[in-house]
Amino acid sequence: MTRSVTVRVPAKVNVQLAVGGLRPDGFHDVANVFLAVGLYDEVTVTPADALRITVDGPDADRVPTDHTNLAARAAELLAARHGIAPDVHIHIAKDIPVAGGMAGGSADGAGALVACDALWGTGASRADLLALCAELGSDVPFSLVGGAALGRGRGELLTPLDVGGVFHWVFAVADGGLSTPAVYAECDRLRAVSGPGATVDHVPDPEPSPALLDALAEGDLVALASALMVGGAGNDLQAAAVSLRPSLAETLAAGTKAGALASIVSGSGPTCAFLVQDAQAAPELADAMTASGTCRAARVASSPARGATRL
Ligand code: ATP
């Protein structure tokens, strides 16, 4: 009998995050181009007398170990669906920056779901797992599938995308996190004060950038960099993240000065993502970012990466 199951789950970067207007229900429609990157958490589940969570890794003290942890919620959700008790010890080996806009919590939710399904023999289909992921949060389904995907709706309605090559990144991790809801609220505020308004009546429906999707499909680094920077596909939350954390402007500028082909805030930030020429350029830019003093740490990773994978 299986006594423990470990699932590896990737972080993500949004190479496009187009945010629509504020809906009457308080949410925003998005056109979200997700790319999984090779920074991973590992989620291990083992039978126990009651649900409990432990976490290790550099940011472990910032991860909740109560029922608000997405991995705990995933276990509870799956157990409730099958009328069983969620008696499991979930251990998270945390390497994805916490509250950094890289969907680390979502990754752990997807990982716990896949791991508990295997441990308990609940036999969820891929479609079942995707539906449960969407209940847990808008970024959770992508953590399950990995690779690259377009997310519509609140980001949970996924269409897989082709990626024709490997892209290399440096991620500048900031001190402290940014709350995703706070960044959306700041985006609304900036739109209300500086444009025609923030609601669905004022903001165009979010659409993916054809140039960006072509660049990904063809594995064309120069075209991807151009779509990120010049074409303006980019990240509609970037201005809001920089507004809440003005020092991010210096982080982005330091990456560009050190030779990044594109410099963007990752999702809701405060992690910044820098696209670089190749695998050799990545550690060089990471060293330059660390030396610049504009980030707490710099991590190197390539994309695309596989979604939740049982080890
Ligand atoms: P996203 O990119 O999806 O907006 P994020 O990467 O900015 O998310 P997370 O690392 O997922 O942020 O953490 C956001 C908050 O969620 C944390 O501050 C923490 O309180 C809570 N949280 C719940 N479960 C987890 C988990 N397993 N790992 C990390 N944070 C978690």
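Which residue takes a positive phi in the hairpin of β1 and β2? Hi everyone, let's start right there. The answer is Gly26, with a phi near 90 degrees, in a hairpin that has 5 residues between the strands. Keep in mind as we go that this is a predicted model.

Now to the two strands themselves. β1 covers residues 5-22 and pairs with β2 in the antiparallel sense, over 15 bridges. If you'd like one pair to click on, Arg8 has Glu42 of β2 as its bridge partner.

Let's stay with β2, residues 28-47, and ask where else it pairs. With β4, residues 88-93, the pairing is antiparallel over 6 bridges, and there Thr44 stands opposite His91. With β5, residues 148-152, β2 pairs in the antiparallel sense over 4 bridges, and in that pairing Phe34 has Ala149 as its bridge partner. How many of the residues of β2 are buried? It's 14 of the 20, so the strand is largely enclosed by the rest of the structure.

Last topic, the cysteines. The model holds 0 disulfides. Why does Cys187 have no such bond? Its closest cysteine sulfur belongs to Cys272 and lies 17 Å away, which is too far for a bond. Cys272, in turn, has its closest cysteine sulfur in Cys295, at 8.6 Å, and that is also too far, because a disulfide needs the sulfur atoms within 2.5 Å. As for their surroundings, Cys187 counts as buried at 3% relative accessibility, and Cys272 is buried too, with a relative accessible area of 0%.

That's my tour, thanks for listening!

Conventions
Residues are numbered from 1 along each chain as its sequence is written. This is a predicted model: local features need pLDDT of at least 70, side-chain atom pairs count only at pLDDT 80 or more; totals for chains, interfaces and linings use all residues. Side-chain values use heavy atoms; hydrogens and water are left out. Buried means under 20% relative accessible area, exposed over 50%, partly exposed in between (1.4 Å probe, protein chains only). Two strands pair if DSSP finds at least two bridges between them.
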